[in-house]
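Thanks for making time this morning. I would like to walk you through a structure that is new to most of this group, so please have a look at it on the screen before I start.

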Amino acid sequence: MSIISDTLKRIKPSPTIAVTQKARELRAAGKDVIGLGAGEPDFDTPENIKRAAIKAIRGGDTKYTAVDGTPALKKAIIKKFKRENNLNYKIDQITVGTGGKQVLYNTFMATLNKGDEVIIPAPFWVSYPDMVLLAGGKPKIIKCEEKDGFKLTPAKLKKSISKKTKWLILNSPSNPTGAGYTKREIDALAKILIKKKKVNILSDDIYEHIRYDNFKFFTIAQISNLKKRTLTMNGVSKSYAMTGWRIGYAAGPKEIIKAIGKIQSQSTSNPSSVSQAAAVEALNGKQNFIKKRSNAFKLRRDFVVNSLNSIKGINCLKPNGAFYVFPSCKGLLNKKTKLKTDTDFVKKLLEKSNVAVVQGSAFGLDGYFRISYATSMQNLKKAMQRIKTFCANLG
Ligand code: PLP
């Protein structure tokens, strides 16, 4: 009999982390691999944030803190929600965890009973379904098509809600497509949700600050009728290039916030004291670099989208935000190329051309692949050339 639990057997390791690891191994073996799999900015954490962390270490800020975040960080988060989203929260409506990932995991552990359903629009961030499974819930995957910009439509939402629906997850701008929901689109979903009073909404806003072409960010808690059943998750990982510091947070109903803290108190306890001090500076300090970095990402997005669309058999929508594109490779899956699935495409691309991307099926939608363009323009130029040559030589 295996020592591994039945619960763990139901889930799989993160496919995006697996691709990044594979690329790392190939590089270590001497191959010139370009990794376009990782979901983290290639920029460094800004100096003022690093200085705040060093000051915290020197000042002895090195002990346990309150389990769900220091008062200083919670206050900075309250200010952020007011300043950027016009949302008012009290201190007992805020929780801080070791990355947005932990906050989401704790949320599901704290709220799901066996058989409770969580609506997950696909393509989705790879961790949502497995986290739901770990917590004993049931992921209800709703495929969102390219023609709808990979976004959930009101009709699909309506159809997917059942008596067992506990949560709907919204992620805008999205990983893996970069698609952002406009205020109008969120209003249309809200119309349905207002009537379905038992459905809670989990808004994952982690890519809030990485957006282009004056795309206006709007989060569903701004709809006053829904705020009381919305948990808004955000963090410093992507906006402030702080993936390694592991700070994420959420704001929402007191009851849920308290339950998340209870789980944290019996698992990891507080997130790192030093990282919390750094996050205070991130949220309260100067914000001007965010725009500059988004501009750099925009140049890369434009280059990648244009390059991909110039390749026969590949089609790529231009996203509003995040640092991903989600092109279709359906035009290359046929008898001539001997490629049947997106996984075949991705495997062969890595084998023949040393470019690591992630298959769309890992995100719940077949026939696509995800490219993270959070890497240098030089790398992107090389990678696009390789993809072009690879596709031209297929079949
Ligand atoms: N949500 C989405 C959509 C993400 O892409 C990620 C990271 O890749 C996270 C949440 C979690 O980020 P972190 O745990 O670094 O805060």
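**A salt bridge, and what lies around it**

Let me begin with one pair of residues, Asp-213 and Lys-298, whose side chains meet in a salt bridge with 3.6 Å from N to O. Please keep in mind throughout that this is a predicted model.

To place that pair, we need the division of the chain, which is into domain 1, made of residues 6-44 + 289-392, and domain 2, made of residues 60-284. The C-alpha centres of domain 1 and domain 2 lie 25 Å apart, and the contact takes 39 residues from domain 1 and 34 residues from domain 2.

How much area do domain 1 and domain 2 bury between them? The value is about 3,100 Å², with 60% of it on carbon and sulfur atoms. On the side of domain 1, the residues that lose the most area to domain 2 are Ile-290, Asn-320 and Phe-363, and together they make up 18% of what that side buries.

Turning to the polar side of this contact, the count between the two domains is 2 salt bridges, and there are also 16 residue pairs in polar contact, with both residues at pLDDT 80 or more. The elements that give two or more residues to the side of domain 1 that touches domain 2 are α1 (6-9), α2 (15-28), α12 (288-309) and β9 (324-325), and of these α12 gives the most, with 7 residues.

Now to the sheets, starting with the one of 7 strands, which is open, has mixed pairing and follows the order β2-β8-β7-β6-β5-β3-β4. Its edge strands, each pairing on one side only, are β2 (94-97) and β4 (138-143), and the twist averages 20° from one strand to the next. Within this sheet, β7 (residues 230-235) and β8 (residues 248-251) run antiparallel and are joined by 4 bridges, with Gly-235 standing opposite Gly-248 in β8. Helix α10 (residues 254-265) packs on the sheet, where it touches β2, β5 (165-171), β7 and β8, and its direction makes about 30° with that of β2.

The loop between β7 and β8 holds Arg-246, and the phi of Arg-246 is near 65°, which is a positive value in a residue other than glycine.

Where do we find cis peptide bonds? One runs from Ala-122 to Pro-123, with omega near 5°, and Pro-123 lies in the loop between β3 (117-122) and α6 (127-134). Another runs from Ser-172 to Pro-173, with omega near -15°, and Pro-173 has its place in the loop between β5 and α8 (183-195).

There is also an open sheet of 3 strands, with antiparallel pairing and the order β9-β12-β11, in which β9 and β11 (358-359) are the edge strands. Here β9 pairs with β12 (residues 369-372) over 2 bridges in the antiparallel sense, and Tyr-324 stands opposite Ser-372 in β12.

Finally, to come back to salt bridges, the structure as a whole holds 21 of them. One of these joins Lys-50 to Glu-47, with the closest N and O atoms 3.9 Å apart, and both residues lie in helix α3 (residues 47-58), 3 residues apart, which is about one turn of the helix.

Notes: Residues are numbered from 1 along each chain as its sequence is written. This is a predicted model: local features need pLDDT of at least 70, side-chain atom pairs count only at pLDDT 80 or more; totals for chains, interfaces and linings use all residues. Side-chain values use heavy atoms; hydrogens and water are left out. Two strands pair if DSSP finds at least two bridges between them. Axes are lines fitted to C-alpha atoms, for helices over the stretch in contact, and angles run from 0 to 180 degrees between N-to-C directions. Contact means heavy atoms within 4.5 Å. Domain bounds come from an automatic or database domain assignment. Buried area is the accessible area (1.4 Å probe) that two parts lose on being put together, summed over both. A salt bridge is a side-chain nitrogen of Lys or Arg within 4 Å of a carboxyl oxygen of Asp or Glu. A polar contact is a pair of N or O atoms within 3.5 Å; within protein, one must be able to donate a hydrogen and the other to accept it, and residues adjacent in sequence count only if both atoms are side-chain atoms.
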